[in-house]
Amino acid sequence: MADLHITRVVTPRDPAHTTMIMRDMPELPVDDPAIRLAGLSKRFAAGGPAGGTLALADVSLEVRSGEIFGIVGRSGAGKSTLVRTVNLLERPDAGVVTVLGQDLLGLDEPALRAARRGIGMVFQHFNLHHRRTVAENIAFPLEIAGLSRAERAARVAELLPLVGLEAKRDAYPAQLSGGQKQRVGIARALASRPRLLLCDEATSALDPETTAEILALIRDLRDRLQLTVLLITHEMAVVKSICDRVAVMEAGRVIEQGPVLEVFTRPQQPTTRRFVAEVIGHGVPAGTLARLPAPRPGEERRLVQVLFLGPHSTRAVISEASREFGIDLDIASGRIDSIAGEPFGVMALAAYGPAEALEAAFAWMRGLGLVIEEIAA
Amino acid sequence: MSWLTPMMQDLLLEAFGQTLVMVGVSTVLAVAFGLPLALLLHVTGPDGLTPRPWLNRPLGLVVNAARSTPFIILMVAIVPFTRLVAGTSIGTGAAIVPLALAATAFLARLFENALREVDPGVVEAAQAMGASRSQIVLKVLVPEALPGLIAAVTVALVSLVGFSAMAGAIGGGGLGDLGIRFGYQRFMPEVMASVVLILILLVQGLQSLGDWLVRRLSHR
């Protein structure tokens with residue numbers, strides 16, 4: 001991970017930018033979240049694998065229907081425990097779990113089993129039955145629910161094309177690639193037409209290319225089936241590519257949450273910043289730093305990371321800034337990417353000029369909606 | 001081949017039949033009792049579906065006790081029980097009782113190991129789908145463990161062929177007994193050799209059949 005030393009600079013909010021974020025959010029009543037977790041705590045017994053640690057410490061979270069909500073954190077942050085409380089595979093010691101309007105902790109066993117049928121779950125290691133074919137794996141939840149053989153066959157016939165596995169219906173899991181196995185996992189999770197899909201590190205066992213494929217499939221299915229998706233991951237890149245909102249977890253707590261674009265461009269917590277830096281972080285390569293010229297007498301050299309979103313043209317900004325403020329801007333590194341479907345660019349700039357001119361230039365750039373953070377050289 | 005008189009042929013055939021009956025019937029009984037026992041041990045174990053230490057520990061102790069008693073001692077120690085079940089303490093039928101008992105304890109442990117090999121993730125997935133405990137046992141645990149269960153039965157069959165040789169001590173007959181009485185006590189090495197040869201072929205056959213079934217069923 002790039003070891004960035006970022007000095008936080010207060011950035012004014014650009015109103016145009018805010019509307020851009022809002023446009024992407026589905027229009028939904030906020031009082032009807034698909035998942036509402038409130039005050040969840042969970043401590044694992046001492047002597048267990050987690051040895052008396054607090055896995056969840058007063059976690060509250062709301063997932064709106066129709067959105068893809070990501071929970072990101074390092075291993076041991078509690079995210080796995082958290083996602084498991086949503087279908088009560090893990091029972092919290094305290095708190096409220098409301099899923100699709102139902103208070104799960106108040107349900108008895110049969111009612112809980114019925115509620116679980118309305119919540120699909122996809123796993124990191126796929127968890128397929130080795131001795132069942134693809135079709136038989138997908139039919140399993142329907143078998144559990146007591147559907148007839150004919151009904152199961154009809155539903156499986158609908159699901160196979162949905163995940164692109166028509167040709168593999170009679171194959172066994174051992175004959176499939178990782179991506180194909182996860183497609184089976186997804187089809188199985190969707191078999192009983194759930195409105196909610198939980199993804200527990202669904203792409204962590206896959207290579208980058210397959211990860212992209214599976215994420216695209218999940219997003220596509222969300223759109224077509226109006227699903228709500230809660231996914232947990234340790235990879236910020238996953239959040240970047242498909243999530244609408246994200247929560248960052250550390251030591252059993254949610255330390256930051258918000259729309260993905262917001263969290264990426266204005267991370268508040270050090271952990272969040274490190275996560276964001278993994279994806280968009282852009283230190284100055286050591287060699288480049290050494291080769292940067294020293295500032296002339298009476299001038300300063302400042303290193304900044306510039307993050308720009310949407311329609312800004314880098315070149316125009318850079319050339320205009322040097323012209324208007326009489327400073328020199330040297331691009332040490334940079335690249336263009338996209339977050340939650342919005343294009344964004346990140347650059348490391350070496351800026352030369354009188355201190356006031358530099359400050360004025362940075363202020364002007366911020367006025368355009370660019371996020372500027374100083375990098376300690 | 002002067003030793004292979006018609007009478008000798010009859011004796012060999014009869015002994016072979018007795019071995020098959022003792023091994024076959026006690027295996028069927030051991031599977032019938034051992035599988036539920038293993039499921040109970042597995043499900044009530046520390047990582048099971050419903051951990052019940054107060055049931056699991058004593059059950060494990062009983063199984064271990066039965067397994068650690070040498071078969072020849074177990075056979076005579078449970079004579080009253082044998083008499084109760086089989087109506088007699090002598091003969092092939094009577095030998096089946098201790099054989100089945102020893103094999104049940106043996107198989108229960110082997111089955112439990114096979115069940116433990118089932119990917120806990122598959123069980124968790126079934127729970128997440130709303131499967132009940134009995135559905136998890138019948139539709140996940142047993143089917144997923146089937147190759148391991150078959151392998152365990154194969155091991156038990158082979159061990160039972162060996163155990164059944166001791167059944168002569170209570171008049172159970174069988175190939176092992178024939179080998180001792182004719183081959184050893186009457187100095188007929190040919191009988192001993194044929195008995196051993198037949199047993200080797202029997203064990204090889206059982207093992208190959210078991211391996212073939214496991215391969216066919218596992219889909220790994």
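These are my notebook entries on two chains, A and B, of a predicted model.

**Entry: chain B spans**

I began with the UniProt record for chain B. The unreviewed entry annotates residues 20-41, 61-79, 85-108, 149-171 and 191-214 of chain B as "transmembrane region". I looked up the geometry of two of these spans. For residues 85-108 of chain B, the end C-alpha atoms are 21 Å apart. That span is 79% helix and 0% strand. For residues 191-214 of chain B, I noted 35 Å between the end C-alpha atoms. Here the span is 100% helix and 0% strand.

**Entry: contact between the chains**

How many residues does each chain bring to the contact? I found 18 from chain A and 19 from chain B. On the side of chain A that touches chain B, α3 (109-116), β7 (119-123) and α4 (134-144) of chain A each give two or more residues. I sorted that side of chain A by class and got 8 nonpolar, 5 polar and 5 charged residues.

**Entry: domains of chain A**

The domain assignment splits chain A into domain 1 (34-279) and domain 2 (282-375). I took their centres over C-alpha atoms, and they are separated by 39 Å. In the contact between them, 7 residues of domain 1 of chain A meet 6 residues of domain 2 of chain A. Which helix gives the largest share of the domain 1 side? I found α9 (residues 260-265) of chain A, with 4 residues. By class, the side of domain 1 of chain A that touches domain 2 holds 3 nonpolar, 1 polar and 3 charged residues.

**Entry: a sheet in chain A**

I traced an open sheet of 4 strands in chain A, in the order β3-β2-β5-β6. The pairing is antiparallel. Its edge strands are β3 (54-64) and β6 (102-103) of chain A, and each pairs on one side only. I then checked β5 (residues 94-99) of chain A against β6(A): 2 bridges join them. A:Thr98 sits opposite A:Asp103 of β6(A).

**Entry: the largest nonpolar core**

I counted 166 residues in the largest nonpolar core. Which members touch the most others? They are A:Ala187, B:Leu99, B:Leu107, B:Phe111 and B:Ala156. Helix α5 (residues 92-116) of chain B is the top contributor, giving 17 residues to this core. Domain 1 (34-279) and domain 2 (282-375) of chain A each supply at least three residues to the core.

I followed up B:Ala156, setting aside neighbours within four places in sequence. Its contacts are B:Thr27, B:Ala30, B:Ala103, B:Phe106, B:Leu107 and B:Leu110.

Key. Residues numbered from 1 in each chain as written. Chains lettered and ligands numbered in written order. Predicted model: local features only at pLDDT ≥ 70, side-chain atom pairs only at ≥ 80, totals over all residues. UniProt positions renumbered as here; feature names shortened; annotations may be inferred. Contact = placed C-beta atoms within 7 Å. Nonpolar A, V, L, I, M, F, W, Y, C, P; charged D, E, K, R; others polar. Domains from an automatic or database assignment. Pairing = 2+ DSSP bridges. Core = buried A, V, L, I, M, F, W, Y, C linked by C-beta atoms within 7 Å. Buried ≥ 20, exposed ≤ 12 C-beta atoms within 10 Å, placed from the backbone.
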